[in-house]
Each structure stands twice: as structure tokens, then as C-alpha cells.
Amino acid sequence: MWQNFSVEEILERLKTNKQYGLREKEVIFREEQYGKNELKDKKKESIFTKFLKQFNDYMIIILIIASIISAVISFVQGENDYIDSIIIIGIVIFNAILGVIQEAKAEKAIEALKEMIAPKAKVLRDGKVIEVDAKGIVVGDIIILEAGNFVPADARLIETYNLKVEEASLTRRN
């Protein structure tokens, strides 16, 4: 849509100034109105769901079935010797608990890494070029890109000089 408008029309529609950028009050207002410049994370799974997912493996299912068969055979033969079944189920449950703990630790590590490598962006605000977290960019910000920068948000180019784009990161591989 925005590619159909001239730069002047876009600046007018977004109520921003090419030389001055946005004022700080306007930045705060737009952040409240449109939210942060970040993708929504998928909904976190509950611990119970994570625990149940630990049993979604053929070997675990085979062990549970073997435990049940062992218990049924012991019951039918009247031996009341359920130790094998209890040990197998205990190991499977212990394995599931360890899996949930490891998964939680991995998620925390990934969150910490995301915070450490949070991208920065240069924007024009109140007539000054300042550096902000990329998630702090709002609709109408004038973003300053330099050689080697990543594009921190959807943007319409206003002015370029010798622009080259590495499109490999835009290609999604499944």
C-alpha cells in the first residue's frame, strides 16, 4: 500500500517530518496506540502440557505398554509381583520430569540470548539522530540505515545512495 504513495504523501499521512522526525510526546502516544515493534511470541505451554509431551515418543510408549503388560501378567498369575512395572513407570516419570526441567532451562537460556542480542536502530527524533532498541521504533519514525545495518522494522525508503540488499535472510526455508 505505502509503495503507491509519494514520500510527501506518506510523511503527511503519518504526521512526521523528514528533517526533524517525531517529537518524544508523539513517540509515547504512538507506542501506546500501536504497541511495540516486536513479534508476538507464541503462547507458552503449561508445565503440565510440557510434562505430557514427554510421553510422545515411541520408546516411552513401548515402555509404558510393557509395564502394563507386566502388571497384567502378574495379576493374572496371582503373583502380585508388580516391582518390574513400578520400576519401569518410575523411570519413565523420572525421565519426563528431567525432560521438563531441561526444556525450561533451554527456554530461559534462549530468552537471555534474545535480550543480549536485541538489535539497535538509529532514528531521527526531535531533530537528533539517536540509537534505540529496535522494539522501540514506532509508526512514523525516520530510520537511519547505514552500511551493514539490518532493517529493524517495516519501512518505506525515503532516500538512498548506493543501496544494496542481501536478500538471503528474507528467504524462508522449511
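In this report, a residue counts as buried under 20% relative accessible area, exposed over 50%, and partly exposed in between, using a 1.4 Å probe and protein chains only. By that yardstick Lys 15 is exposed, with a relative accessible area of 67%.

A word on the model itself. This is a predicted model, in which local features need pLDDT of at least 70, side-chain atom pairs count only at pLDDT 80 or more, and totals for chains, interfaces and linings use all residues. Residues are numbered from 1 along each chain as its sequence is written, and side-chain values use heavy atoms, with hydrogens and water left out.

**Loops and unusual backbone angles**

Helices (H or I, at least four residues) and strands (E, at least two) are DSSP runs, numbered from the N terminus. Lys 15 sits in the loop between helix H1 (7–13) and helix H2 (24–34). Although Lys 15 is not a glycine, its phi is positive, at about 50°. Gly 21 belongs to the loop between H1 and H2 too, but Gly 21 is buried, with a relative accessible area of 7%. From Gly 21 to Lys 40 there are 19 residues along the chain, and their C-alpha atoms are separated by 27 Å.

Here are four loop residues with their places and accessibility:

| Residue | Loop | Relative accessible area |
|---|---|---|
| Lys 15 | between H1 and H2 | 67%, exposed |
| Gly 21 | between H1 and H2 | 7%, buried |
| Asp 126 | between S1 and S2 | 28%, partly exposed |
| Gly 127 | between S1 and S2 | 39%, partly exposed |

**Helix H4**

Helix H4 covers residues 58–76, which makes 19 residues. From its first C-alpha to its last, H4 reaches 27 Å, close to the 27 Å expected at 1.5 Å a residue. That expected span is 1.5 Å times one less than the number of residues.

Which residues of H4 are buried? They are Ile 60, Ser 67 and Ser 74. Seen down the axis of H4, the buried residues fall within an arc of 55°, so they line one face of the helix. The arc is taken from the directions that run from the helix axis to the C-beta atoms. On the other side of H4, Tyr 58 and Val 76 are exposed. Just after H4 comes Gly 78, with a positive phi of about 75°.

**The sheet**

Now to the strands. Two strands pair if DSSP finds at least two bridges between them. Three strands form an open sheet in the order S2-S1-S3, with antiparallel pairing. Strand S2 (128–133) and strand S3 (142–144) are the edge strands, and each pairs on one side only. On average, neighbouring strands of this sheet are turned by 45° against each other, direction ignored. For such angles, axes are lines fitted to C-alpha atoms (for helices, over the stretch in contact), and angles run from 0 to 180 degrees between N-to-C directions.

Strand S1 (residues 120–125) pairs with S3 over three bridges and with S2 over six bridges. Lys 122 takes part on both sides: its bridge partner in S3 is Ile 144, while Glu 131 in S2 stands opposite Lys 122. Val 123 has Ile 143 as its bridge partner in S3, and Arg 125 stands opposite Lys 128 in S2.

S1 and S2 form a hairpin with two residues between them, and Asp 126 in the turn has a positive phi of about 50°. Gly 127 lies in this loop between S1 and S2 as well. Gly 127 and Phe 51 are 76 residues apart in sequence and 53 Å apart in space, C-alpha to C-alpha.

**The second largest pocket**

On a 1 Å grid over the protein atoms alone, a pocket is an open set of points with protein on both sides within 12 Å along at least five of seven lines, where a 1.4 Å probe fits; lining residues have an atom within 4 Å of a point. How much space lies in the second largest pocket? About 290 Å³, a volume being the space filled by probe spheres set on the points, with grid points joined across faces, edges and corners.

The lining of this pocket includes Asp 41, Lys 42, Lys 50, Glu 103, Ile 110 and Lys 114. Helix H3 (47–53) and helix H5 (83–116) each supply at least two residues of the lining. The largest share, five residues, comes from H5.
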